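Hi everyone, thanks for making time this morning. I'd like to walk you through one structure, going helix by helix, so let's put it up on the screen.

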Amino acid sequence: DEAEPLLNKAYAQNNRFGPVLNNLGHLYLKRGEFEKSYKFFTLASEQKDNSDPSIAYIARITILRDHYRNTKEANRLARIAVAQSPSVHQLHVLLARTEYELGNTKSAISILEKLYERTGDAGVYRLIERMRRAEVIN
């Protein structure tokens with residue numbers, strides 16, 4: 001990727017600049033280099049100058065859930081992310097999904113119901129209904 005040399009140069013000049021760290025995280029994620037990607041997203045989410053740390057949190061949670069299959073750590077991180085960026089709807093959905101995957105269906109549904117009340121998002125409503133149906137079946 002032609003952006004990599006420029007990103008690495010920017011990183012060498014300032015290894016704490018959130019946007020560069022986010023972009024390096026995305027670069028390595030696209031390549032399937034999950035350890036490097038996670039490292040850069042972790043650094044990005046810790047930077048004060050990162051205009052949108054939620055991007056880094058979403059990526060980290062997704063890597064933990066989907067690649068490393070570490071739902072418990074993804075849940076812990078999702079709780080931190082929601083507390084820091086409560087207006088980012090995707091973080092609430094990720095928190096609810098990790099709650100559900102950990103067997104906390106009532107908590108997952110509660111998180112989604114609150115999100116649905118604020119947003120009216122039909123996708124959130126469908127997710128609530130799927131979780132409710134699965135709870136009845138089980």
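Let's begin with helix α4, residues 53-67: this helix has 15 residues and reaches 21 Å from its first C-alpha to its last, close to the 21 Å expected at 1.5 Å a residue. The expected span here is 1.5 Å times one less than the number of residues in the helix. When I say helix, I mean a DSSP run of H or I of at least four residues, while a strand is a run of E of at least two, and both are numbered from the N terminus.

Before going further, a word on what we are looking at: this is a predicted model, where local features need pLDDT of at least 70 and side-chain atom pairs count only at pLDDT 80 or more, while totals for chains, interfaces and linings use all residues. Residues are numbered from 1 along each chain as its sequence is written, and side-chain values use heavy atoms, with hydrogens and water left out.

Back to α4. Of its 15 residues, 11 are buried, so α4 is largely enclosed by the rest of the structure. Buried means under 20% relative accessible area, exposed means over 50%, and partly exposed is in between, using a 1.4 Å probe and protein chains only. The buried residues of α4 are P53, S54, A56, Y57, I58, A59, R60, I61, I63, L64 and R65. And what covers them? The cover includes α2 (18-31), α3 (34-45), α5 (71-84) and α6.

Now step off the end of α4. Just after this helix comes R69, with a positive phi of about 55 degrees. Why mention that? Most residues other than glycine have a negative phi. R69 is not a glycine, yet its phi is positive. R69 sits in the loop between α4 and α5, and with a relative accessible area of 62% this residue counts as exposed.

That loop leads us into α5. With 14 residues at 1.5 Å a residue, α5 should span 20 Å, and its end C-alpha atoms are 20 Å apart, which agrees. Its buried residues are T71, A74, N75, L77, A78, A81 and V82, and they pack against α3, α4 and α6.

After α5 we reach V88, in the loop between α5 and α6. If we leave aside neighbours within four places in sequence, V88 is in contact with S54 and I58; contact here means heavy atoms within 4.5 Å. The C-alpha atoms of V88 and S54 are separated by 7.2 Å, although the two residues are 34 apart along the chain.

Next, two residues of α6 that I'd like you to find on screen. T98 lies in α6, and at 0% relative accessibility this threonine counts as buried. A polar atom of the T98 side chain lies 2.9 Å from the backbone oxygen of L95. Beyond its neighbours within four places in sequence, T98 is in contact with R65, T71, A74 and N75. You'll recognise R65 from the buried residues of α4, and T71, A74 and N75 from those of α5.

The other one is E99, also placed in helix α6. Buried or exposed, what would you guess for E99? With a relative accessible area of 3%, E99 is buried. Again leaving aside neighbours within four places, E99 is in contact with N75, R79, N104, S107, A108 and I111.

How does α6 sit against α8? The axes of α6 (residues 89-101) and α8 (residues 122-137) come within 12 Å and cross at roughly 5 degrees. That crossing makes α6 and α8 roughly parallel to each other, a label for angles under 35 degrees. From α6 the contact uses V93, A96, R97 and Y100, and from α8 V124, L127, M131 and A134. By class, that gives 7 nonpolar, no polar and 1 charged residues.

One stop near the start of the chain: N15 is found in the loop between α1 (3-13) and α2. At 37% relative accessible area, N15 is partly exposed. Its C-alpha is separated by 9.7 Å from that of A44, 29 residues along the chain.

Finally, let's zoom out. The protein has 8 helices and 0 strands, and 43% of its 138 residues count as buried. The C-alpha atoms fill a box of roughly 55 × 30 × 25 Å, taken along the principal axes. Of the contacts with a separation of 6 or more, 44% are between residues 24 or more positions apart. Thanks for listening!

Methods. Axes fitted to C-alpha atoms, helices over the stretch in contact; angles between N-to-C directions. Parallel < 35°, antiparallel > 145°, perpendicular 65-115°, else oblique. Nonpolar A, V, L, I, M, F, W, Y, C, P; charged D, E, K, R; others polar. Polar contact = N/O pair within 3.5 Å; in protein donor to acceptor, adjacent residues only side chain to side chain.
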